[in-house]
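Before reading on, please look over the sequence and turn the structure around a few times. The questions below move from the whole protein to single residues, and each answer works towards a value or a name.

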Amino acid sequence: MSESRTTNAQQTAGAPATVVSARPVFLSAPGRGDDLQVRVSAPATGTGLPVIVFSHGFGWSMDGYAPLADHWAAHGFVVVQPTHLDSRTLGVPAEDPRTPRIWRLRIEDLTRVLDGLDILEASVPGLAGRLDRDRVAVAGHSWGAQSASTLLGARVLDSDGKPGEDMSDPRVRAGVLLALTGLGDDLVPFAAEHFPFMKPSFDTMTTPALIVAGDKDQSHLSTRGPDWFTDPYTYSPGGKTLLTLFGAEHSLGGIPGHEVAETTDASPARVALIQRLTTAYLRSALYGEATAWNAAAAALAEDPDPLGTLQSK
């Protein structure tokens with residue numbers, strides 16, 4: 001199925017382009033149990049388009065996160081959204097033998113997308129020959145941010161506390177990590193027992209990234225407060241920027257979608273800020289175009305009633 005739509009200009013900075021979206025596109029996935037379903041969204045015109053591979057949060061799918069996917073596509077990016085096996089749309093039961101490996105299969109989904117860009121490019125009408133494979137970023141929210149972070153160099157600690165396999169990908173040049181959970185030392189006992197993959201090391205997460213955290217994001221998985229979500233910035237090497245959003249809970253104002261049940265802190269203004277800053281950041285990180293990023297950062301710093309604050313290292 002393909003569709004064409006224009007993103008609402010009131011929710012984007014500048015004049016948005018018409019967006020063409022194709023779904024579902026299937027990528028063969030031997031050993032996964034189901035082929036990988038993907039949505040591809042892109043501006044209807046333009047060449048040399050950079051790519052964002054977006055990993056959804058727990059239970060979501062390729063059809064979520066329209067406030068981000070539509071905005072990025074309308075501003076010159078090709079956005080690829082795989083549907084991971086934990087998606088409610090797939091109905092994989094908890095007792096499925098793949099369940100303990102879903103965290104790993106999620107990462108493989110992202111790598112499979114990068115491996116399958118030729119197929120995806122050919123599946124969207126008019127997209128062939130328009131991708132810039134040298135400018136690729138990954139992004140994700142919540143569990144999706146953890147999945148994306150491994151391609152940037154984060155690693156999962158094994159039972160002995162040693163970093164596990166390096167799953168970073170040199171094709172990825174930048175990341176946007178939204179509400180990424182912190183260190184595993186601070187998990188509540190239930191999470192420590194049932195989610196052993198939530199024990200990351202950020203020591204080798206060297207790829208540049210914008211990390212977005214809400215100062216009201218209180219997770220039931222952690223014994224700490226909202227500062228837990230700043231760990232990826234604190235414990236990773238330099239080349240990182242932290243955006244702390246005031247009053248934001250886990251949905252960061254509503255990035256999963258408009259008026260969805262999971263959004264308890266609905267804020268169109270906060271979502272619009274995320275749209276502007278992530279777009280400017282990715283342009284800067286992938287192209288070295290710092291003008292828009294510097295302007296957006298300065299506007300936030302000079303706002304008499306700011307929605308957040310930025311830090312860089």
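A residue is called buried when its relative accessible area is under 20%, exposed when it is over 50%, and partly exposed in between. Please keep in mind that the model discussed here is predicted.

Q: How many helices and how many strands are there in the protein?
A: Counting the elements gives a picture of how the chain is built before any single residue is considered. The protein contains both kinds of element, and the totals are eight helices and 12 strands.

Q: Why can the protein be called as compact as a globular protein of its length?
A: For 313 residues, the globule rule gives a radius of gyration of 20 Å. The protein is as compact as a globular protein of that length, because its own value is close to that figure, at 18 Å.

Q: What percentage of the residues in the protein is buried?
A: The cut-off for a buried residue is a relative accessible area under 20%. When this is applied to the 313 residues of the protein, the buried share comes to 56%.

Q: What share of the contacts with a separation of 6 or more joins residues 24 or more positions apart?
A: A contact here means heavy atoms within 4.5 Å. Among the contacts in the protein with a separation of 6 or more, the part that comes from residues 24 or more positions apart is 70%.

Q: How far apart do the centres of the positive and negative side chains lie?
A: The protein carries 25 positive side chains and 36 negative ones. Each set has its own centre, and the distance between the two centres is 4 Å.

Q: How many residues of helix α7 are buried?
A: Helix α7 runs over residues 268-287, and its span from first C-alpha to last is 28 Å, close to the 28 Å expected at 1.5 Å a residue. Just after α7 comes Gly 288, which takes a positive phi of about 75°. The helix itself is mostly covered, and of its 20 residues the number buried is 15.

Q: Which elements do the buried residues of α4 pack against?
A: Helix α4 covers residues 143-151, and nine of its nine residues are buried. Trp 143 and Leu 151 are among these buried residues. The elements that they and the other buried residues of α4 pack against are β4 (49-55), α2 (102-115), β6 (131-141) and β8 (174-178).

Q: Which residue follows α4 with a positive phi?
A: Phi is a backbone angle that can be positive or negative, and most residues other than glycine have a negative phi. After α4 the chain has a positive phi near 120°, and the residue that takes this value is Gly 153.

Q: Where is the cis peptide bond that has omega near -15°?
A: Most peptide bonds are trans. The bond in question leads into a residue of strand β2, namely Pro 24. The cis bond is therefore to be looked for at the start of that residue, and it runs from Arg 23 to Pro 24.

Q: Is Tyr 65 buried or exposed?
A: Tyr 65 is found in the loop between β4 and α1 (66-74). Its phi is near 60°, a positive value in a residue other than glycine. With a relative accessible area of 1%, Tyr 65 is buried.

Q: Is Leu 252 buried or exposed?
A: Leu 252 has its place in the loop between β11 (240-245) and α7. Although it is not a glycine, Leu 252 has a positive phi of about 55°. Since its relative accessibility is 0%, Leu 252 counts as buried.

Q: What does Ala 17 count as at 25% relative accessibility?
A: Ala 17 lies in the loop between β1 and β2, and Pro 16 lies in that loop too. Pro 16 has a relative accessible area of 18%, so it is buried. At 25%, by contrast, Ala 17 counts as partly exposed.

Q: How far apart are Ala 209 and Val 138 in space, C-alpha to C-alpha?
A: Ala 209 is placed in strand β10 (residues 209-214), and its relative accessible area of 0% makes it buried. Beyond its neighbours within four places in sequence, its contacts include Leu 152, Gly 175 and Tyr 281. Ala 209 and Val 138 are 71 residues apart in sequence, and in space their separation is 9.3 Å.

Notes
Residues numbered from 1 in each chain as written. Predicted model: local features only at pLDDT ≥ 70, side-chain atom pairs only at ≥ 80, totals over all residues. Heavy atoms only, no water. Helix = DSSP H or I, 4+ residues; strand = E, 2+ residues; numbered from the N terminus. Rg over C-alpha atoms; globule rule 2.2 N^0.38 Å. Buried < 20%, exposed > 50% of the residue type's maximum accessible area, 1.4 Å probe, protein only. Lys, Arg positive; Asp, Glu negative; His and termini not counted. Charge placed at Lys NZ, Arg CZ, Asp CG, Glu CD. Expected span 1.5 Å × (residues − 1).
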